[in-house]
Structures are given as C-alpha cells and as structure tokens.
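This briefing goes through a structure by topic, from its strands and backbone to a helix and the enclosed space. Please keep the sequence and the coordinates open while reading.

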Amino acid sequence: MSRDMPRTELLTIVGVRHHSPACAGLVREAIERLRPAHVLIEGPADMNPRIDEFLLGHELPVAVFTSARQGMASRASWSPFCDYSPEWIALTEGARIGAEVRFIDLPAWHPAFAERANRYADAERRYTQAVDGLCRTLGMDNSDTLWDHLVEIDAGEVPSAELGARLNAYFDLIRGAVDGGRGTEAERSTDEVREAYMAQWIAAALRSSPERPVLVVCGGFHRPALLRRISELSFPAELPDTSWPEVPEPEPDTVAVSYLVPYSFRRLDAFDGYQSGMPSPAYYQRLWELGPRGAARSLTEDVVERLRKRNQRVSTADLIAARVTGEGLAAVRGHRHPGRADLLDGLVSALVGEALEQPLPWTGRGGLAVGTHPAVVEMVAALSGDRTGRLHPDTPLPPLVHDAEVELERHRIPDSGVLTLDLTVSPRRDASRLLHRLRVLRIPGYERASGPDPAAEDSTFTEEWRISAAPDRLSALIEAGGHGPTVELAARGLIGERVLSRQGLDTAAGALFDAVLCGIDDLSSQVLSGLADSIASDSDVEALGTVLTAVLGLWRHDRLLDAAQSATLGAVVGGAVARLLWLLELVTGGAGTPAQPRRIAAVRAVRDAVRHASGPLELDAERAGAVMTRIAGNDDAPADLRGAAFGFGWSLGTPPPDAERTIRAAGGPAVLGDWLAGLFALAREQCLEEASVLMVIDELVASMTDHDVLVALPALRQAFGYFPPRERETIAGQVVQLHGGADSGRALLRGRIDDPVALARGRELDSHVQAVLEREGLVG
C-alpha cells in the first residue's frame, strides 16, 4: 500500500470512561499487545512540547491546570490524572515502549471549553440522561452502580476483547441517544469542533506510520464519531508525513498558561461535585491495586477504624457481619465479587441500627445531604480518601509560586503557628498585606483570627493569624498564578474580577474592603467604573446601606490601613448617598410592614455620611434633610422608615418642633414599636436627653389593653434593643420613678423573663376570662 493511503484497519480507538480502573487495564493491555507507533490521548495539545514533565515521577493525582485571562476576566480548567486514569496509563505505558505519545484535544483556552471547568466532565451529565432507561431495566440506582455492574466488578476475569466489545456497545448506545436529540445544540456543536480537531491528529498519525498500529485513547462518548470521521477522510499524498495539526493560539488579548498541579482525591470525588469523577476515588484506587475482593476487605477495615476513632462502638462481630452481608448482596445481585454499592450497603446493614433520615448517598449523585447519618458520612469519607498528589521537585512552576516564597521569607512569615502583627509598625503592616493577598487568592493555611474591622471604628492595632502547613497549598499557588505573575498582581486581578462580576453590591463591597486590607489603593479605572455602575443601577436599599456603612468607615478612620480620605472611597460614598436618597423615598409598605434593621441601618449610613463627609465630599446635606422630612410625613412609608427619617434631622442637631405630638401620632400598638425602632436607631442619645419622650411612651403603653400589649411587645423589644445595657438600665430606673417606685433600674432588670411574649399572652388570657366572668355575673 502506498504511503498516501494509510491502512485505517491499523487504527484502534479505545473508548474509555475517565478514571476507570477497568478502562485503564484495557488500555495497558492494548499497548502491550499492539506496540503502536503512536499513542494519541484525549488531552490538551498545547502540552505536547512538555510531555516529559508528566514523566518526572510525580505522586498522583495531578492535573494540568490552564488559566486564560482576558482583561479583568479569567477562567480556569483542569485535566486530572490519577494512577488508574486510562489517559495516564496511555501516556506512561506508551512512553515506556517507545511510542510517540501526543495529546490530541483542543487547548483549554479554546472557546469549545468556555463553559467547562473540567476537560473530562464533557459528557458525564449526558451519560446520566442516556442511561436512565437502562438503569430502570436492570434495577440499578444510577449510572455509577450500572457502570460497576457492567464493567468494573468482573473486569479482571473477562477477556479484553469481550470487555472492549461491552464498552463499545455501551458508548454506542449513549452516543446514539445524544445524537438522536438529547443534549443541547451548543453541546453537539462543541462535540463536533473537538472531534474534528482530534480526527486531524489521528489522520496525521496514520500518514506518518502507515505500516504500524496507531492507538487512540479517548472518552468513549467520542469514539463512534471519531471512527466515522476517519472513515470519511482522504489522505492526499501532497501532505508530508510529519504534518501535524497546529495548536490554536489564544486570542490576541488573552493570556493563557498551563502548568501541572497537585490534585487530590477530594477534588476527584463525584460526592464533592466533580462531574466526571468516578465516585469514591480511594475505593477505585484499591480496586486498581488489589482487585474487588481486596478493595472491599481493606476498605471495610478502614471504615471500622474511622468509626472507632470517633468513639463509635464497632465490634469484631460487626466487622464480620458487614463483610458477610456485602458478599451476600453481591451474590444476590449477580456479581462475582462485592462491588462498591455492595460494600457500602453491607456496612450500613451491619453498623446502622436506626432508621435513616436521608437516602443513602451512593443511590444518587451529588454532595452529602444535611442530616446524613454520621456513620454513613464516615463510610463515604473512607471510600473517598484523603490522598493529595505531589509534584516532582523538577516540575516547572509559575512565577507566582517563586514570588510567594520570596515574599514569605522576606516578611519572616513562619510555615506554621500563630503570628501576631503590630499594624502600627510599617514592616508588620506590609506582612499583614501579604497575608491578606494570600487569603484573597484562597491559598489554604492562612487564617485571620482577629484584627481591626475596616468597616467600623476600632481601637485594635494588632492582628493575629493562624498559619498551618496545608497539603494543597502548592496547587492553590499554582492555580492563583493564572491571575498574575506576582502575589500582589494576582490579588489585584482577582479583586477586580469580583468587583466586575455583577454578583451584587455585597460582593463588590467585599472586594473593595479586601483591596484596602491588601494595600491595593490604585484599582484600575475599569474596576472603579464597574463599582460606580453597580451602585448607580442597584435598587437594593439594604445592600447599598451595607456598602455605604463600611466604605464610609474606611474613608473616615482607616489611617491604620492608609485608606482614610481616599478619593476612590470618597467617590463610592457620594454615589451611594445619592442613590439611597432617591430609593428611600420610593419605599412604601404602610402599617403592615415590620421593622427592617438593615433598612434602618441604610438611613443611619446616610446620616453618618452627611455628618462626617458633607464638606470634604460636597454632599448635599440640605437635600438629604428635605428627603427625610418628606419620608417622616408620608403615611404610605413603613413605620420604621418614618421613625428613622424623623430622627435623621434630630440626630444632626435640628430638634423637631413637637416631638411629643409626633410620637403620639406615630400609630397604634401594631406600628408603635416599629416607628420607635427607626427613631432610636438614629437619635438614641437625643431621646435619652429629652425626658418627655419616655413619658409619652410610658403613657401610650400604660393605656394599652392586654391584647394591645401582646401585639406591640415584639416590636417594642426590638426597638429598645438599640440601647446598650447600661442605657436600658437608666430607662428602667426612669420608668420605676414615673410610677412612684424607689428601686433602681438594675433591680427591675435583674429578674429574667425567659419568654415575655408568653407572659403577655397569659395576661391577655386572664383579662379575657375576667371579662367573661363579669359578663355572666359570676363575680361581684
């Protein structure tokens, strides 16, 4: 046969399920049997020049991490490998026999991966959709138990040809269902783009070695389409044998990088949300190493040991019962050996004696439900495992990792322990900023235990950090490198992303506070513009109030963190005040709306801004006062908002002309407490100084019926909660004096009432009984 017409019968495509021991074994057998010239693997083609990095001798699991950054936006993707991943076996075994090993899929920065955080999670959701009917037919809980039943449990005792045929039939069924209409058009389009690219690599390999086998290892979902594409391809002679497909470059304004990172079983586990994962990776690791019986035996012992460490009583008889039950279930279900579900069901039967409030996790997919039995949690944890991979010391790392190491050493940050920083000392403040940058980048092992709150006045000038040697710190640092080459630049980039994420003002405000703590005071104009747009378009009064409170606190007081009088923060304050004044006047609700503490806090935030920043920031104090006057007199406004608006001017030094009359007119028992909550939140000190306020409130409460008291009590308790304990004691003393008593307020408050509302209900019932008795002439 001529070299321009390669023999496609020498092509073998092994369709696999990612992270399947049975598929890994099938790939290893195929490589040993075929001794192919080329081993082509579904994986990121941009890593082909760096194949040697995979072969350095890492402790698995590891992953290829890719970050693509475009402006202030970035996205990340992972391609994980563990000992029993078919792709890993193809790579290592192919290299061992001298084959040319190449990845043949598009890079993770390609638009085909725009909506996918994990390369190998491409079709798992559609697998589940397609096999639901098969699960029902065979009486299986889900696709995982179906897979174990068909493939994993007896893989070691089935001839490879039979196992391969079984896999091909399974994946043909799935692909046929998807091509028949399941899955979205966008998903099918993405499949076509990736498969067309992979087919180009396969064709190039067939041209390159027309007389020797070519082995392709890819997700079984793609196998039927690749076979069809290759059968339709022509191989013109004018293309040289060495013509390999080009690897697409990132778009001109996109910065993309890829590195190997340590990975963990926890991140692989489907119970933790990994969509393409085989659940319970520790189980499949043991299955790969020990076979089904050895895996069941060792993991049963692991579960028992974990339960005993948590003071759960598990006897030797329980252990034997769990093993016997698991084997019995396997026999009933037609399994030659106990599978994963057999093992877990046997453990539950032997070790859990009471009824379960939640379904067993392995009967479905997803995370553990709240209320899962503690013993079941330990079973899932044992089969999940806690292994974390480790890179070989010679593995290339991104610049950020080296920058972090240098900065940690320069600032004398220990590897573990408690670190106390005096923030009045410049070098220690710089160390705090470094730690905050690492925290923002979600680098594990750096936890701030205490320190000043940038959103409030705080006399604390020290900060305490708890530092621990987290096993996944290196992987987090490598992944953080996708945001920038240094710790500072990466933190700046991530904070900018959060501000521009359009996830609400709370998120944007949190990002701004983190910028202050990180010492980043020159956020880009794009970020500031995005924050201003968020404030200008947001209609959530409570969220705006939270932002204004915190940002104003930073602007006023944060000389410690060098944020005081910041023009950036001042712009945020001005925009938030203007927006809140407009929104607050639109709030309606009337008498039926209970007090909202965060809404009241928004009014207080506007008051504080006018009090402290109207001059430097040129805030319109006159307009603010006029708006509050209109709200205070608007009967359609909620009572708490009217009360807060009434206290607004009073707290700024403008006493109301007739506070006593206004309080009397505030409303009946159903709204009095809500109105007072707003008033006290804004003008607490003024109400204490004006004796007539308490006298009027006392008269209003004293005139209430027992039923009225029951209605008013919850809101009144909330309103007086704005006074600190010492001031409540003062008020209690004044109430005692108003009623002719001589005791102090402390004596009045000493007796504790566990449920004042229940007491009020009892009084109302007493009054009702008394009224009935009098009506019927049963009392004199």
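How many bridges join strand 3 to strand 4, and in which direction do these strands run? The model is predicted, and in it nine bridges join strand 3, residues 62-70, to strand 4, the two running antiparallel. The points below take up the sheet that holds this pair, then some backbone details, a helix and the cavities.

**The sheet**

- Strands 4, 3 and 7 form an open sheet of three strands in the order 4-3-7, with antiparallel pairing.
- Strand 4 (73-81) and strand 7 (254-262) are the edge strands of this sheet, each of them pairing on one side only.
- On average, and with direction ignored, neighbouring strands of the sheet are turned by 15° against each other.
- Within the pairing of strand 3 with strand 4, Phe65 has Trp78 of strand 4 as its bridge partner.

**Backbone details**

- Leu60 and Pro61 are joined by a cis peptide bond with an omega of about 10°, and Pro61 is found in the loop between helix 2 (51-54) and strand 3.
- Arg412, in the loop between helix 14 (399-410) and strand 8 (417-422), has a phi near 55°, which is a positive value in a residue other than glycine.
- Arg412 has a relative accessibility of 71% and therefore counts as exposed, the cut-off for this class being over 50%.
- Glu618, which lies in the loop between helix 22 (597-613) and helix 23 (621-632), likewise has a positive phi, near 55°, in a residue other than glycine.
- Glu618 also counts as exposed, because its relative accessibility is 71%.

**Helix 24**

- Helix 24 comprises 13 residues, 639-651, and spans 18 Å from its first C-alpha to its last, which is close to the 18 Å expected at 1.5 Å a residue.
- Is helix 24 largely enclosed by the rest of the structure or largely open? It is largely enclosed, because 12 of its 13 residues are buried, where buried stands for a relative accessible area under 20%.
- The buried residues of helix 24 include Asp640 and Arg642 as well as Leu641, Phe646, Phe648 and Trp650.
- After helix 24 comes Gly653, a residue with a positive phi near 100°.

**Cavities**

- The count of cavities of 30 Å³ or more comes to two, and the largest has a volume of about 80 Å³.
- The lining of the largest cavity is made up of Phe680, Cys687, Leu688, Glu690, Ala691, Val693, Leu694, Ile697, Phe720, Phe723, Ile731 and Gln734.
- Helix 26 (669-689), helix 27 (691-702) and helix 29 (725-738) are the elements that give two or more residues to this lining, and helix 27 gives the most, with four residues.
- By class, the lining of the largest cavity divides into 10 nonpolar residues, one polar and one charged.
- The second largest cavity holds about 40 Å³ of space, and the residues that line it are Pro262, Tyr263, Ser264, Arg266, Arg267, Thr388, Asp472 and Ser475.
- In the lining of the second largest cavity there are two nonpolar, three polar and three charged residues.
- Pro262 of this lining falls within the range of strand 7 (254-262), an edge strand of the sheet described above.

Conventions:
Residues are numbered from 1 along each chain as its sequence is written. This is a predicted model: local features need pLDDT of at least 70, side-chain atom pairs count only at pLDDT 80 or more; totals for chains, interfaces and linings use all residues. Side-chain values use heavy atoms; hydrogens and water are left out. On a 1 Å grid over the protein atoms alone, a cavity is a set of points where a 1.4 Å probe fits but cannot get out, and a pocket is an open set with protein on both sides within 12 Å along at least five of seven lines; lining residues have an atom within 4 Å of a point. Grid points are joined across faces, edges and corners, and a volume is the space filled by probe spheres set on the points. Ala, Val, Leu, Ile, Met, Phe, Trp, Tyr, Cys and Pro count as nonpolar, Asp, Glu, Lys and Arg as charged, and the others, Gly among them, as polar. Two strands pair if DSSP finds at least two bridges between them. Axes are lines fitted to C-alpha atoms, for helices over the stretch in contact, and angles run from 0 to 180 degrees between N-to-C directions. Buried means under 20% relative accessible area, exposed over 50%, partly exposed in between (1.4 Å probe, protein chains only). The expected span of a helix is 1.5 Å times one less than its number of residues.
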